[in-house]
Amino acid sequence: MSQYPETLLFIDGQWIAASDGRFVDVVNPATEQVIGRVAHAGQPELAAAAAAAGRGFAVWSRMSVFDRYRIMRQAATLLRERVETVAPIMTMEQGKPVAEARTELLAAADTIDWLAEEGRRAYGRLIPARAVGVTQAVIRTPVGPVAAFSPWNFPVNQVVRKVGAALATGCSIIVKAAEETPASPAALVRAFADAGVPAGVIGLVYGTPSEISETLIAHPAIRKVTFTGSTAVGKMLAALAGSHMKRATMELGGHGPAIVCADADLDRAATTLVAAKFRNAGQVCVSPTRFLVERPVFGRFVERFAELARKVQVGDGLQSGTTMGPLANVRRVDAMEALIGDATARGAEIVTGGQRVGNAGYFFAPTVLRDLTTEMRIMNEDPFGPVALMVPGSTRWPIACGRATRLPYGLAAYAFPGSGRTAARLRDEVRTGMLTVNHLGLGLPEVPFGGIGDSGYGSEGGTEALDAYLDTRFFSMRDY
Ligand code: NAD
């Protein structure tokens, strides 16, 4: 079993504590015990990190894309070699079953590989000129040092999407990862450092989130901001980035609709959606949340879904057989209790779950609710937890589509229609960043990942992920 390590700041190629010696405790959500600590950056460390990122950018952006690619591929190799050590560390700090942690780390290595490869294809283009002897070119250059803010639900995956795209395009980056889950992102950064990424190209800091974002976003060295987290914080950081005219990518909350049609394969829909719903205890921005089920099959679908939800094995992620760990922090438990309490007080029925499990650890039962109305908070706010909201749907599609997109969010939507014709209709009419039909098809490195509306803007996958870190510039020359 891996020992849980102390996490330091990574600034200018060195692992250091803060000059005032400040640390913050890290708690295991399965036991509520303090398992370690993380260094807390103050102003001197943030200033040093920003200056180092400026120097790192000067080095990295001038390195050939092929050399950058080779270093990144080596980081992916090192990460794969270290999976068995790092996965339990992620479970200890975040709670997810160790098998999910392992999958996340292997996916992170794949993401690095893909972005490194794609960085070699960040082509510009030549535009035919109107005059003889004129060359017109579009060139794409790295935007500059990046400030990245990532959350605790996928401690490595949320960081690697940002670091991978930044490095693949020649940017340097300072990451503020989540203070609650610091050690696994530090292991990712270590893999890059050990692979040969030069000093200053990657920084890793922890501390007071608002202090770090206000300092780094305003810092003249920083040219781009990227954030994954709640819509409320995203709006603040986007405004701050805007006030300094810095580019921004915002990957925010959602309230994923899952449309189940009367003529769908109900068992397949239930099995697939239960797996999606309770993965990472529902703490996933693309988690399906509102299940819009056509009325004729509503009862049958709810029954089958609840039956499968009761089979989810809740427990410590380090124990074999666990399929759902605890919630990652006590805020999520409080949020679940408040949202479910509000819903039941207004008439919702708990089909299964609805409360904490055990006396220690932030365990919460997989929960299914029905008899919901749009006045209930849970029907409007991202619950970010293991709760499925069952809503009988109309058979008239304009209404179903309208209900699916009733909220200002537009991140992921799921559908199980009985025909290709309905699927095409949903594709055209459900206003969402991502729609996946008959299966779970989100989040691979090569496909776009991101939302619209209150779910944010910019993409963290596909070639679009690189666009976010590149400036488009124009060059025109008349022959001598
Ligand atoms: P939160 O909004 O306070 O924090 C989310 C993340 O943003 C955390 O990592 C936090 O450290 C960071 N953060 C908070 N304030 C910040 C600031 N001023 N500057 C920079 N970073 C800041 O909420 P939380 O309690 O940690 O999580 C709850 C909500 O966040 C959920 O309801 C969910 O909607 C959202 N969330 C979304 C994702 C996602 O993948 N999109 C991930 C985690 C949380």
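Good morning. I shall begin with an open sheet of three strands, which has the order E5-E6-E22 and antiparallel pairing. Please keep in mind throughout that this is a predicted model. At the edges of the sheet stand strand E5, residues 125-127, and strand E22, residues 470-478. Each of these has a single partner strand, so one side of each is left without a neighbour in the sheet. From one strand to the next, the twist averages 25 degrees.

Within this sheet, strand E6 covers residues 134-142 and is joined to E22 by nine bridges, the two strands running antiparallel. To find the register on screen, look for alanine 137, which stands opposite phenylalanine 475 in E22.

Let me turn to the second sheet. It is also open, and it is formed by seven strands in the order E14-E15-E16-E13-E12-E18-E19, with mixed pairing. Which strands are the edge strands here? They are strand E14, residues 349-352, and strand E19, residues 434-437, and each pairs on one side only. Neighbouring strands of this sheet are turned against each other by 25 degrees on average, direction ignored.

At the E14 edge, three bridges join E14 to strand E15, residues 367-370, and the two run antiparallel. Glutamate 349 stands opposite arginine 370 in E15. A helix also packs on this sheet: helix H13, residues 420-429, touches strand E12 (256-260), strand E18 (412-416) and E19. The direction of H13 makes about 170 degrees with that of E19.

I now come to the division of the chain. The protein chain is divided into domain 1, with residues 9-252 + 455-474, and domain 2, with residues 256-444. The C-alpha centres of domain 1 and domain 2 lie 30 Å apart. Across the boundary, 18 residues of domain 1 are in contact with 23 residues of domain 2.

What does domain 1 bring to that contact? On the side of domain 1 that touches domain 2, helix H3 (83-94) and helix H4 (98-119) each supply at least two residues. H3 gives the most to this side, with three residues. By class, the residues on this side of domain 1 divide into six nonpolar, seven polar and five charged.

Next, the ligand. Why does the ligand lie between the domains? Domain 1 and domain 2 both give residues to the shell around the ligand, so it lies between them. There are 20 residues around the ligand, and those that come nearest are Pro151, Ser213, Gly229, Ser230 and Cys285. The elements giving two or more residues to this shell are helix H7, residues 209-218, and helix H8, residues 231-243. H7 gives the most to the shell, with three residues. Sorted by class, the shell has ten nonpolar, seven polar and three charged residues.

Since H7 has come up, I shall close with its packing partner, helix H1. H1 covers residues 43-60, and the axes of H1 and H7 come within 10 Å and cross at roughly 35 degrees. The crossing in which H1 passes H7 is right-handed. On the H1 side, Gln43, Leu46 and Ala50 meet Ile212, Thr215 and Leu216 in H7. This contact has four nonpolar and two polar residues, and no charged residues.

To recapitulate, H7 gives three residues to the shell around the ligand, and H7 is also met by residues of H1. The shell itself draws on both domain 1 and domain 2. Thank you for your attention.

Definitions and conventions: Residues numbered from 1 in each chain as written. Predicted model: local features only at pLDDT ≥ 70, side-chain atom pairs only at ≥ 80, totals over all residues. Near = placed C-beta within 6 Å. Helix = DSSP H or I, 4+ residues; strand = E, 2+ residues; numbered from the N terminus. Nonpolar A, V, L, I, M, F, W, Y, C, P; charged D, E, K, R; others polar. Domains from an automatic or database assignment. Axes fitted to C-alpha atoms, helices over the stretch in contact; angles between N-to-C directions. Left-handed = near helix turned anticlockwise from the far one by under 90°. Contact = placed C-beta atoms within 7 Å. Pairing = 2+ DSSP bridges.
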